Amino acid sequence: FFLVMRVRWWLLAVCFLFILVVTIEEIDIVSFKEHKENPVVSLHEEITPVHKEKPVTPVNEIPIENKEPKENEMNPVASLTEEIYDPYSSLSTKPSNSYSATHSTQYEDPETCRTYWNGPIDEKLLICWFYNHKQPEMHQVFYIEDCPDFHDYAQKYPFMKELDVVWLDSWEDFFATLHFDYDPEVPRYVARNAQPQHKSDVFEYAMLLHNNGTFYADADQCFFNMDKIRDVDFIINVEEHNGSPKHFSNGVFKITEPQRVARVSEVLLKDFQYNGRMMTFKPTDWGAIGPNYFSGILSRSNYAVEHTIPITTFQTLEVYGWNWYDQGLEFCGVWNGALQRTGLHLYRDRRIQHETKILQLLQSAMEHPTRVVTCTN
């Protein structure tokens with residue numbers, strides 16, 4: 001009897017060991033398969049996907065073509081996650097008012113006119129924006145910061161929905177898209193300290209460096225004829241009361257000839273470095289980096305040397321129509337005279353002084369969009 005019981009227990013033990021061995025082997029096989037499929041496992045047993053790195057095309061090797069990019073090809077540089085990277089995405093082309101930009105300006109030609117605007121819309125400026133938009137030879141792109149009522153005015157003036165707009169929400173993000181070396185403190189200093197006029201100054205110099213040349217115009221600059229500024233670089237010689245030269249205006253200019261751009265950039269770039277002018281100017285000084293600074297940059301760079309593209313120096317009347325101190329001039333005479341020249345600069349003080357006439361012209365322009373309206377007293 002005892003012998004039979006001993007044999008029975010021995011058989012049960014052998015069966016148990018056999019079952020245990022088989023179970024362990026199955027567990028190991030399953031674990032091995034899972035590990036083979038997902039070799040990287042976190043301590044919390046969450047699968048961390050492994051990405052195969054894709055080589056990034058250097059920016060300086062990307063061909064730049066003057067043609068409209070196809071959809072989803074605004075920037076051919078692919079990220080490691082195989083998504084198309086648009087460096088202007090951080091600039092928020094859809095602001096809080098839900099107005100979306102119509103154009104990407106990452107690789108624009110230097111001939112594109114660039115304009116900076118900060119703050120609520122000044123309705124009196126829109127007469128310039130309208131006529132500039134109508135110019136068949138002119139492509140103007142607006143970089144707009146902190147403008148809560150743009151959408152409201154776009155409902156009132158539908159042409160504004162056709163404007164090319166880049167929403168500048170962050171100076172650090174904006175600078176991160178630029179193709180030149182700068183000290184990281186520069187965009188932070190500008191964001192913290194600069195007044196709107198300083199920001200427009202920094203913007204235009206940055207565009208010149210970024211695009212290897214630029215055509216810049218303030219938001220209050222109207223263009224009526226392009227004949228005299230076609231195929232040339234130009235600057236404006238602003239005059240004193242007695243007619244003698246005072247300085248070169250940085251409110252509108254075009255510098256695109258490669259050797260001229262290289263000389264100007266060499267002088268200008270130093271002020272975007274550590275302790276340079278772009279991070280040390282006095283915020284209380286209205287013209288700290290304005291016309292006098294711009295005139296100094298041009299003088300030190302020997303800008304007037306002729307190369308493949310000539311440079312024209314205009315007197316104030318040709319492009320501005322009047323000087324800022326011309327308070328006594330009759331507005332309709334200034335406007336109608338400017339229609340026969342290159343353009344008109346609607347200085348802030350003159351806009352306030354002649355507000356009624358300017359808004360009447362804007363209304364007439366909306367009613368007769370196919371022609372340039374004249375001013376009548």
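A residue counts as buried when its relative accessible area is under 20%. With that cut-off in hand, let's walk through this structure, which is a predicted model. Tyr-320 has a relative accessibility of 3%, so Tyr-320 is buried. Tyr-347, at 13%, counts as buried too.

These two tyrosines also meet each other. The ring centres of Tyr-320 and Tyr-347 are 5.8 Å apart and the ring planes stand at 90°, so the pair is edge-to-face. The pair connects distant parts of the chain: Tyr-320 belongs to helix H9 (residues 316-320), while Tyr-347 sits in the loop between strand S10 (343-345) and helix H11 (348-353), 27 residues apart.

How many aromatic pairs are there? The count comes to 35. Another one to look at is formed by Tyr-131 and Phe-224, whose ring centres lie 6.0 Å apart with planes at 65°, so this pair is edge-to-face. Here, too, distant parts of the chain are linked: Tyr-131 is in helix H2 (residues 126-134), and Phe-224 is in the loop between strand S5 (221-223) and strand S6 (233-239), with their positions 93 residues apart. Both Tyr-131 and Phe-224 are buried. A ring can also have a charged partner: Lys-254 lies over the face of Phe-215, 5.7 Å from the ring centre.

Now follow the chain into strand S6. Is this strand mostly covered or uncovered? S6 is mostly covered, with seven of its seven residues buried. Asp-233, Ile-235, Asn-237 and Glu-239 point one way from S6, Phe-234, Ile-236 and Val-238 point the other way, and all are buried. Beside S6 runs strand S9 (residues 311-315); the two are parallel and joined by five bridges. Opposite Asp-233 you will find Ile-311 of S9.

Finally, let's look at the nonpolar cores. In soluble globular proteins, nonpolar side chains tend to be buried together. The largest nonpolar core in this model has 54 residues, and those with the most contacts inside it are Ile-127, Trp-129, Phe-150, Met-160 and Trp-335. Helix H2 gives the most to this core, with six residues. Which residues does Trp-335 contact, leaving aside its neighbours within four places in sequence? They are Ile-127, Tyr-131, Phe-224, Leu-344, Leu-361, Val-373, Thr-374 and Cys-375. Tyr-131 and Phe-224 in that list are the edge-to-face pair from before. A second, separate core has 42 residues, including Tyr-116, Val-190, Tyr-205 and Leu-209.

Notes:
Residues numbered from 1 in each chain as written. Predicted model: local features only at pLDDT ≥ 70, side-chain atom pairs only at ≥ 80, totals over all residues. Heavy atoms only, no water. Phe/Tyr/Trp six-rings, centres within 6.5 Å; stacked < 30°, edge-to-face > 60°. Helix = DSSP H or I, 4+ residues; strand = E, 2+ residues; numbered from the N terminus. Buried < 20%, exposed > 50% of the residue type's maximum accessible area, 1.4 Å probe, protein only. Lys NZ or Arg CZ within 6 Å of the ring centre and 35° of its normal. Pairing = 2+ DSSP bridges. Core = buried A, V, L, I, M, F, W, Y, C linked by side-chain atoms within 4.5 Å. Contact = heavy atoms within 4.5 Å.
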